[in-house]
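Open the structure in a viewer and keep the selection tool at hand. The stops below say what to select and what is there.

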Amino acid sequence: MRRFATGRGAVSRLAVGLTGMAMAVGASDRPNLDLIASLRPDLIVSTTVRHDRLYDKLAALAPTVLVVATGPTWKENVTLLGRALGAEIRAAQELTRYEARAKQLGDEINTRAANPTISVVRFGDGKTHLMTGASFVGVILADTFRIDPVT
C-alpha cells in the first residue's frame with residue numbers, strides 16, 4: 001500500500017486526495033534509496049537541482065528522468081515526461097487543450113473586468129514573494145492574458 005505523509009499547509013491539503021496513492025520516501029535532499037528500491041518504481045522523476053548527484057543510484061533502481069527545473073519550465077517538463085512515458089502525442093494534446101482553455105479564460109476575464117491588472121504574491125515562512133514570469137503562475141498568467149510578464 002502506498003500512502004502520502006501529510007505535512008502542513010498546502011501539502012497537507014493536497015495529500016487528502018492522495019491518501020493510499022503515494023508514500024513519502026525521505027527528505028527531498030536525502031531520499032531513502034532502500035525504501036525507493038523496495039517500492040519497485042516503474043519510473044523515477046525528479047529535478048537536477050535536487051538529485052543530479054544521485055542520478056546513477058536512482059537510475060540503478062528504475063529508469064530515471066531529471067528535469068532541469070520546475071516552475072516556468074513546466075510545459076517543457078510535460079513534453080519530456082510524455083516522451084519518457086511513450087505518451088508524446090497525449091502530452092502535446094493536453095498542452096494544446098490547456099493553451100486553448102487559457103486563452104478562453106483570459107478573453108472572458110478581460111471582457112468582464114476590462115483588462116484588469118493582476119499581481120500574484122505568495123506569503124510564507126516570514127517571506128514575501130512576488131511571482132514573476134519566471135514562475136509557474138507567471139507562465140499561466142502570460143498564457144491566459146497573452147502578455148509578456150515581468151521577469
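The tour goes from the whole chain to a few helices and then to single residues.

**Whole chain**

Start with everything selected, and keep in mind that this is a predicted model. The protein chain contains seven helices and six strands. Read from the N terminus, the order of its elements is α-β-β-α-β-α-α-β-α-α-β-β-α. Of the 151 residues in the protein chain, 23% are buried. Switch on a surface: the protein chain exposes about 10800 Å², and carbon and sulfur atoms supply 56% of that area. Among contacts in the protein chain with a separation of 6 or more, 27% are between residues 24 or more positions apart.

**Stop 1: Trp 74 and Tyr 98**

Select Trp 74 and Tyr 98 and show their side chains. A pair of aromatic rings is described by the distance of the centres and the angle of the planes. How far apart are the ring centres of Trp 74 and Tyr 98, and at what angle are the planes? The centres are 4.9 Å apart and the planes stand at 80°. Planes over 60 degrees apart count as edge-to-face, so the pair of Trp 74 and Tyr 98 is edge-to-face.

Colour by element next. Trp 74 belongs to helix H5 (residues 74–84) and Tyr 98 to helix H6 (residues 88–113), so the pair ties together parts that are 24 residues apart in sequence. Are these two residues buried or exposed? The cut-off for buried is under 20% relative accessible area. Trp 74, at 15% relative accessibility, counts as buried, and Tyr 98, at 18%, counts as buried too.

Add Phe 136 to the selection. Trp 74, Tyr 98 and Phe 136 form one aromatic cluster, and the count of aromatic pairs comes to two.

**Stop 2: H6 against H7**

Select H6 together with helix H7 (residues 136–145). The two axes come within 6 Å and cross at roughly 70°. Angles of 65 to 115 degrees count as roughly perpendicular, and H6 and H7 are therefore roughly perpendicular to each other.

Which residues make the contact between H6 and H7? On the H6 side, select Tyr 98, Glu 99, Ala 102, Lys 103, Leu 105, Gly 106, Ile 109 and Asn 110. On the H7 side, select Val 139, Ile 140, Asp 143, Thr 144 and Phe 145. Coloured by residue type, the contact of H6 with H7 divides into seven nonpolar, three polar and three charged residues.

**Stop 3: H7 and its cover**

Keep H7 selected and hide the rest for a moment. Seven of the 10 residues of H7 are buried, so this helix is largely enclosed by the rest of the structure. The buried residues of H7 are Gly 138, Val 139, Leu 141, Ala 142, Asp 143, Thr 144 and Phe 145. Bring the hidden parts back: what covers these buried residues of H7 includes H5 and H6.

Now pick Ala 142, which lies in H7. With a relative accessibility of 14%, Ala 142 counts as buried. Set a distance monitor from its C-alpha atom to that of Ala 102: the separation is 9.2 Å, with the two positions 40 residues apart along the chain. Just after H7, select Arg 146, which takes a positive phi of about 50°.

**Stop 4: Thr 47 and Arg 40**

Move to strand E3 (residues 44–47), where Thr 47 is located. Thr 47 is buried, with a relative accessible area of 7%. Apart from neighbours within four places in sequence, Thr 47 is in contact with Asp 52, Leu 66, Val 67 and Thr 70.

Go back along the chain to Arg 40, in the loop between helix H2 (33–38) and E3. Arg 40 is not a glycine, yet its phi is positive, near 50°. At 70% relative accessibility, Arg 40 counts as exposed.

**Stop 5: Asp 125 and Thr 128**

Finish at the loop between strand E5 (121–124) and strand E6 (127–130), where Asp 125 is found. Asp 125 has a positive phi of about 50° without being a glycine. At 66% relative accessibility, Asp 125 counts as exposed.

Last, select Thr 128 in strand E6. Thr 128 counts as exposed, at 56% relative accessibility. Setting aside neighbours within four places in sequence, Thr 128 is in contact with Val 121, Arg 122 and Phe 123.

Definitions and conventions
Residues are numbered from 1 along each chain as its sequence is written. Side-chain values use heavy atoms; hydrogens and water are left out. Rings of Phe, Tyr and Trp (its six-membered ring) pair if their centres lie within 6.5 Å; planes under 30 degrees apart count as stacked, over 60 as edge-to-face and the rest as tilted. Helices (H or I, at least four residues) and strands (E, at least two) are DSSP runs, numbered from the N terminus. Buried means under 20% relative accessible area, exposed over 50%, partly exposed in between (1.4 Å probe, protein chains only). Axes are lines fitted to C-alpha atoms, for helices over the stretch in contact, and angles run from 0 to 180 degrees between N-to-C directions. Angles under 35 degrees count as roughly parallel, over 145 as roughly antiparallel, 65 to 115 as roughly perpendicular and the rest as oblique. Contact means heavy atoms within 4.5 Å. Ala, Val, Leu, Ile, Met, Phe, Trp, Tyr, Cys and Pro count as nonpolar, Asp, Glu, Lys and Arg as charged, and the others, Gly among them, as polar. Accessible areas come from the Shrake-Rupley method with a 1.4 Å probe; for residues, only the protein chains shown count as cover.
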